Amino acid sequence: MLKSGSIRRSFTRWVKESPYLRYVRLLQPETRLWFRKEGTLPGFLIVGAQRSGSTFLHDCLALGTSAVPSSLQKEVHYFDNKFYRSLDWYARFFRKVDAQRPEVQTYEASPYYLFHPTVPKRVNEHLPDTKILAVLRDPVERAVSHYKWMRQVGLEKRSAEDAFRHDADRMVLEEDRHYLRQFEDPLYFDFDHIHRSYLRRSMYHTQLERWLEHFDPLDIRVVRSQDLFSDTEAVLKRLSRFLGLEYTGYRGTDQTNTNESRDDIAVEHEACQFAERVLAPVRDRMQDLITPQMRVEASPEMSGSQAAGETHD
């Protein structure tokens, strides 16, 4: 089964990366949407970061507030990988909500939205009134968790140090206008950018700067992973007020998904040290970038607590 899955992924990657065959994607039918009516477009988006708690936050909001997620999938990926589809296509992922009840809002969580260079502009053009949520984890911990996850699902075979060094060499691309312009094509596909951008995805300041070019800081909220996991109820209450949702209570149910990765995947100490050196500026840059209004923190007595568990998405 693992081998057949690997072959299928390799074929899919080959098709998506081909400058000619990638147009086949335009012909692929989405049969599950055939009989669905257009619903209400999202009032807010969880944009990432990957391996930081976006799945956990998505599930907590669904269970503890009046927010309504897509019944089809958590990650729709319309604004990154499916932007060649229409906005009507996107709307079919959501249910219709009563316009007279503003506390009931649809939403989705696609962690690639934070990192994809063109998504902020696309969201602003099509959902200018939506609000943005980002969950951010310690950048080195996130990179290590990301690497373990790719090893676990069979998309990475290199050692952590080799993988991190390769990605570090590509970090300059995040400031290369010619490279970034390629992402304006809705069919453009970069396998490494999506799956193996371990250090680049942890450069939060670069990503948030793009979002702040298109959205007012008052419409963006940033949650630290450790606050989300250590004082979930306080964070949910603050987010509910920001979003205008009805808070119905967090019960700590097992229905929430933490997407933990395996502990038996080794990451060399040298790889962690290398990641620490490369990502050292991120924390200081984020301190300067995130305004007090953008922060969503735990209650004072919990603010020093650490997140439960090691890896989350």
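Let me open with a question: is Arg137 buried or exposed? At 7% relative accessibility, Arg137 counts as buried, because the cut-off for buried is under 20%. Before I go on, please keep in mind that this is a predicted model.

Arg137 also has a charged partner. It forms a salt bridge with Glu141, with the closest N and O atoms 3.6 Å apart. Glu141 is partly exposed, at a relative accessible area of 44%.

Let's stay with salt bridges for a moment, since the structure holds 17 of them. Another one joins the side chains of Lys121 and Glu125, at 2.7 Å from N to O. Why is this pair about one helical turn apart? Because Lys121 and Glu125 are 4 residues apart in helix α5, which covers residues 119-126. Both ends have some access to the outside: Lys121 is partly exposed at 41%, and Glu125 is partly exposed at 47%.

Now for a pair that reaches further along the chain. Arg200 and Glu174 form a salt bridge, and their closest N and O atoms are 3.5 Å apart. Arg200 sits in the loop between α9 and α10, while Glu174 sits in the loop between α7 and α8, so this pair ties together parts that are 26 residues apart in sequence. Both Arg200 and Glu174 are buried. They also belong to one network, in which salt bridges with shared partners join Asp167, Glu174, Arg200 and Arg210.

The loop between α9 and α10 is also home to Ser197. Ser197 is buried, with a relative accessible area of 0%. Leaving aside residues up to four places away in sequence, Ser197 touches Phe115, Arg142, His146, Asp167 and Asp192.

On to the strands. Strand β3, residues 106-109, pairs in parallel with β1 through 3 bridges, and in parallel with β2 through 2 bridges. Which residue of β3 is the bridge partner of Phe44? That is Tyr107, and Tyr107 is the bridge partner of Pro69 too. Along β3, Thr106 and Glu108 point one way and Tyr107 and Ala109 the other, and all are buried.

Last stop, the largest pocket, with a volume of about 1,000 Å³. It is lined by 35 residues, and the closest to its centre are Lys16, Asn81, Phe189, Ile194 and His195. Helix α1 gives the largest share of the lining, 7 residues, while α6 and α9 are among the helices that supply at least two each. By class, the lining has 15 nonpolar, 8 polar and 12 charged residues.

Thanks, everyone!

Notes:
Residues are numbered from 1 along each chain as its sequence is written. This is a predicted model: local features need pLDDT of at least 70, side-chain atom pairs count only at pLDDT 80 or more; totals for chains, interfaces and linings use all residues. Side-chain values use heavy atoms; hydrogens and water are left out. On a 1 Å grid over the protein atoms alone, a cavity is a set of points where a 1.4 Å probe fits but cannot get out, and a pocket is an open set with protein on both sides within 12 Å along at least five of seven lines; lining residues have an atom within 4 Å of a point. Grid points are joined across faces, edges and corners, and a volume is the space filled by probe spheres set on the points. Ala, Val, Leu, Ile, Met, Phe, Trp, Tyr, Cys and Pro count as nonpolar, Asp, Glu, Lys and Arg as charged, and the others, Gly among them, as polar. Buried means under 20% relative accessible area, exposed over 50%, partly exposed in between (1.4 Å probe, protein chains only). Two strands pair if DSSP finds at least two bridges between them. Contact means heavy atoms within 4.5 Å. A salt bridge is a side-chain nitrogen of Lys or Arg within 4 Å of a carboxyl oxygen of Asp or Glu.
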